[in-house]
Amino acid sequence: MADYGRILNWETADNEVKVSFEKQKMIITVLTDDIINVFVPLWSEEHRSKAIEPDDMDRVLKKGATFEVKEIKGSAEKNDITIEISTGNLKAIVTNGGFVDFYDMKGKLLSANYRGERKSRRVINMWDLELLKAEGHDTKGLENNSKPVEDVRVVESDEPIFGLGDKSGFLNKRSYEYENWNSDDPSAHTEQFRSLYKSIPFLICKNKEAAYGLFYDNTFHGYFDLAKENAEYMVYGADDGNLDLYFIGGKTIPGVIENYTFLTGRAPLPQLWTLGYHQCRWGYKCKEDIREVAEKYRETGIPCESVQYDIDYMDGYRVFTWNEKDYGPAGELIEDLAKQGFKSVINTDPGTKVEDGYFMYEEGKGKYFFRTADDSADYVNAVWPGDANYPDFGREDVRKWWGKHIAEMMDEKKIMGFWNDMNEPASFNGPLPEDVIGHDGERKTTHKELHNVYGHFMSKATYDGIKEHTGKRPFVITRACYSGTQKYSTVWTGDNQSLWSHLQMMIPQLCTLGMCGYPIAGVDIGGFGGDTTPELLSRWIEAAAFSTFFRNHSANGTIRQEPWQFGPEVEEIYRKYVKLHYRFLPYIYDLLHEEQENGLPVMRPLVMHYEEDPATYNINDEYLVGEKILVAPVVNQGETVRKIYLPEGTWYNYLTGEKHQGPETFLEKAPLDYMPIYIKGGSVIPMYDEMAYIGEKNLDKLILLATPEGGKCVHYQDGGEDLSYLDGNYNLYEFTVDPEGKLSTDLLNKAKNVSQYDSINVISF
Ligand code: GLC
């Protein structure tokens with residue numbers, strides 16, 4: 001870490017404390033009692049956040065905080081001073097050198113800057129770096145790792161580190177290193193992968209005092225060494241930009257997530273149908289393929305909301321066109337399938353074909369695209385349609401232009417949801433040079449700053465386009481994103497493969513995305529690349545049964561991956577777990593309603609609710625759904641007996657009602673058609689009857705699954721599509737079930753025009 005020299009003086013203005021060191025100035029801003037920002041203007045005087053919109057900042061500042069600043073005199077001879085900034089919950093102490101340490105109000109240390117020299121554990125003694133490189137070894141960590149923007153923080157010896165969004169590997173990211181540079185790499189994502197599609201520079205640590213969060217808001221190429229180089233510290237670095245650290249308190253992991261999502265925004269409530277099941281494949285080459293798959297879903301009785309349209313539906317991969325030759329007149333197939341309850345979701349790529357006469361090219365050329373470094377021409381690279389330009393989505397007028405075409409697709413082609421793909425952005429002729437010119441609003445800048453927010457801005461363009469046009473809750477899916485994109489889009493984890501290790505990775509990956517503000521997330525069920533197997537697909541649909549973006553997808557050239565391709569046994573298992581997903585939809589929807597208030601996801605790692613139990617730090621093969629359901633899927637080939645860990649409390653097996661008292665580790669038989677599910681004692685869980693798709697029947701019957709001791713729940717019900725819930729148009733019930741199974745209901749909010757249930761039935765195991 002750079003040494004900023006001694007503190008010379010400081011002053012306060014509003015909620016800021018400006019500290020001048022000999023070589024650098026630093027601004028500490030108290031945002032709330034739990035959020036303190038440390039800003040070192042290495043690149044710009046202002047923050048330039050893309051994650052925190054002006055609306056987000058207004059909300060945060062409205063909450064505000066009171067704070068006190070104290071100067072502590074040190075050595076008189078050097079005239080040394082230390083500055084202490086205290087809020088209701090946190091204390092930041094700034095000392096010479098530019099170090100900032102954080103304490104809780106009891107004076108317990110949460111996070112300190114590391115003061116020593118960095119000491120790498122790697123050795124290269126006899127090796128020649130060039131020879132290692134020549135043979136293709138990974139030598140990155142052997143070179144000088146210092147970055148122009150850097151923050152090095154002490155970690156305790158047993159402190160787990162969570163976060164960073166979609167990064168591969170395990171829940172506890174300690175002892176690994178990662179990079180934030182949104183990347184499209186379809187080779188098998190192993191735990192040694194440094195970067196994937198998303199950049200979410202947010203960490204949650206848990207030391208013996210409390211949990212705390214570190215959000216490094218910087219969109220340039222970023223680096224994280226999480227106590228890998230040396231067990232004593234972790235390192236954040238970036239190639240450029242400011243050091244812009246939000247230290248986030250909250251005491252517990254849920255508290256930290258609540259504060260982080262308060263700052264960067266929360267995922268809005270989705271349309272109910274989007275939480276249902278979706279089928280997709282790259283390579284449904286014509287309308288007959290789509291029709292056949294859709295019909296087969298209805299015939300087999302496996303619920304399904306959409307057969308999503310991959311790039312095959314486009315005319316020559318030109319965005320916002322329709323391949324009439326193979327897919328028939330625009331709108332026809334979609335309207336036809338809508339009669340059977342199918343919704344329409346299309347893939348949209350940003351790379352816009354360079355071609356005279358193509359309307360997107362004609363409208364955009366010289367006007368809406370990234371420019372070459374010398375600003376002499378629109379920048380060209382290549383994606384699916386061949387040579388392509390890249391819309392400069394950081395500009396509002398470009399987003400409006402894109403949004404206008406989104407609206408047209410909705411009107412003319414009856415599209416209901418947009419799947420934003422290839423928006424890292426992907427490029428087939430080598431990476432986009434860092435000096436390609438684009439914008440952040442009106443400000444001219446380069447791809448070096450914009451790369452990691454390309455998907456973010458594209459998602460915002462799509463979200464705004466849909467919302468303004470329809471007044472409904474937008475359905476946007478994105479592959480690339482940054483912190484804060486959760487306000488605009490659902491995410492999926494890109495091109496996984498049909499590997500058991502990728503089924504295993506799904507759990508920590510989706511739990512981590514949830515901890516980082518993305519409650520609506522999913523992976524390609526069955527695996528995208530490579531060929532799935534009957535056993536893998538069966539285990540995958542089980543393990544994914546509670547995911548909020550629930551889609552089977554596979555790549556062109558692989559074997560077909562629809563459930564009926566693998567015989568009646570797999571089809572039966574598949575039907576069972578997709579039906580199970582639909583039965584639990586009211587519970588999932590309730591969690592997303594609560595998420596508006598608390599920022600907590602649906603799929604949660606055990607550590608989120610049992611952080612005092614260190615056994616939960618490294619559980620990668622179980623997850624919680626909210627607080628009340630624990631899922632322990634089989635994620636190993638050939639396994640039919642599962643080791644299960646249940647944390648503290650009473651748990652009931654969902655199938656048999658068998659009672660367990662946690663903490664307990666035991667073995668349970670898990671034949672191919674069985675996924676162990678446990679319900680926490682004292683729970684009441686709202687459920688629906690079976691259905692083929694959302695909209696098939698009136699959702700006027702509610703079932704309440706109650707554990708033997710009875711319990712309580714708050715249940716939310718709305719129209720499932722529009723935004724009138726924001727004006728109070730929803731029913732909110734409080735259900736209390738006593739140990740005899742008797743129900744009493746309080747209506748906490750009554751909707752203007754959403755009918756209440758015709759029947760509410762309590763069931764037990
Ligand atoms: C990318 C996407 C994948 C899609 C393919 C073709 O690889 O990640 O989901 O099927 O492009 O559009």
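**Close-up views of a predicted model**

Asn 452 is buried, with a relative accessible area of 1%. The model shown here is a prediction, and the views below visit some of its details.

**View 1. Asn 452 sits in a loop between two helices.** Look for helix H9 (447–450) and helix H10 (454–470), and you will find Asn 452 in the loop that lies between them. Why do we call Asn 452 buried? Its relative accessible area is 1%, and buried means under 20%. Now bring Pro 425 into the picture: Asn 452 and Pro 425 are 27 residues apart in sequence, and their C-alpha atoms are 8.7 Å apart in space.

**View 2. A cis peptide bond leads into Pro 425.** This proline belongs to the loop between strand S25 (417–420) and strand S26 (437–440). The bond to look at runs from Glu 424 to Pro 425, and its omega is near 0°. For comparison, most peptide bonds are trans.

**View 3. Pro 663 also follows a cis peptide bond.** Here the bond joins Gly 662 to Pro 663, with omega near 0°. Pro 663 is placed in strand S38, which covers residues 659–669.

**View 4. The ligand is surrounded by 13 residues.** Which residues are the closest to the ligand? They are Asp 310, Asp 421, Arg 479, Asp 495 and His 553. By type, the shell around the ligand holds seven nonpolar, two polar and four charged residues. Zoom in on the side chains and you can trace several contacts with oxygen atoms of the ligand. A polar side-chain atom of Asp 495 is 2.4 Å from a ligand oxygen. For His 553, the distance between a side-chain N or O atom and an oxygen of the ligand is 2.9 Å, and for Asp 421 such a distance is 3.2 Å. On its own the ligand has 310 Å² of accessible area, and the protein covers 98% of that.

**View 5. The largest cavity holds about 90 Å³ of space.** How do we find empty space in a model? Rolling a probe the size of a water molecule over the atoms shows where empty space is left. The count comes to eight cavities of 30 Å³ or more. Lining the largest cavity are 14 residues, and those nearest its centre are Trp 43, Arg 48, Asp 217, Asn 218 and Thr 219. The lining divides into three nonpolar, six polar and five charged residues.

**View 6. Ser 683 reaches a backbone oxygen with its side chain.** The partner is the backbone oxygen of Lys 680, at 2.6 Å. Ser 683 lies in the loop between strand S39 (677–680) and strand S40 (684–687). Is Ser 683 buried or exposed? With a relative accessible area of 2%, Ser 683 is buried.

**View 7. Ser 175 and Tyr 317 have a positive phi.** Most residues other than glycine have a negative phi. Phi is near 80° for Ser 175 and near 60° for Tyr 317. You can find Ser 175 in the loop between strand S11 (161–163) and strand S12 (177–180), where it is partly exposed, with a relative accessible area of 38%. Tyr 317 is in the loop between strand S20 (306–308) and helix H5 (324–327). Tyr 317 is partly exposed too, with a relative accessible area of 33%.

**View 8. Leu 743 belongs to strand S44.** This strand spans residues 743–749. Leu 743 has a relative accessible area of 26%, so it counts as partly exposed. The C-alpha atoms of Leu 743 and Met 26 are separated by 58 Å, and the two residues are 717 residues apart along the chain.

How values were computed. Residues are numbered from 1 along each chain as its sequence is written. This is a predicted model: local features need pLDDT of at least 70, side-chain atom pairs count only at pLDDT 80 or more; totals for chains, interfaces and linings use all residues. Side-chain values use heavy atoms; hydrogens and water are left out. A residue is near a molecule or strand if one of its heavy atoms lies within 4 Å of it. A polar contact is a pair of N or O atoms within 3.5 Å; within protein, one must be able to donate a hydrogen and the other to accept it, and residues adjacent in sequence count only if both atoms are side-chain atoms. Accessible areas come from the Shrake-Rupley method with a 1.4 Å probe; for residues, only the protein chains shown count as cover. Ala, Val, Leu, Ile, Met, Phe, Trp, Tyr, Cys and Pro count as nonpolar, Asp, Glu, Lys and Arg as charged, and the others, Gly among them, as polar. On a 1 Å grid over the protein atoms alone, a cavity is a set of points where a 1.4 Å probe fits but cannot get out, and a pocket is an open set with protein on both sides within 12 Å along at least five of seven lines; lining residues have an atom within 4 Å of a point. Grid points are joined across faces, edges and corners, and a volume is the space filled by probe spheres set on the points. Helices (H or I, at least four residues) and strands (E, at least two) are DSSP runs, numbered from the N terminus. Buried means under 20% relative accessible area, exposed over 50%, partly exposed in between (1.4 Å probe, protein chains only).
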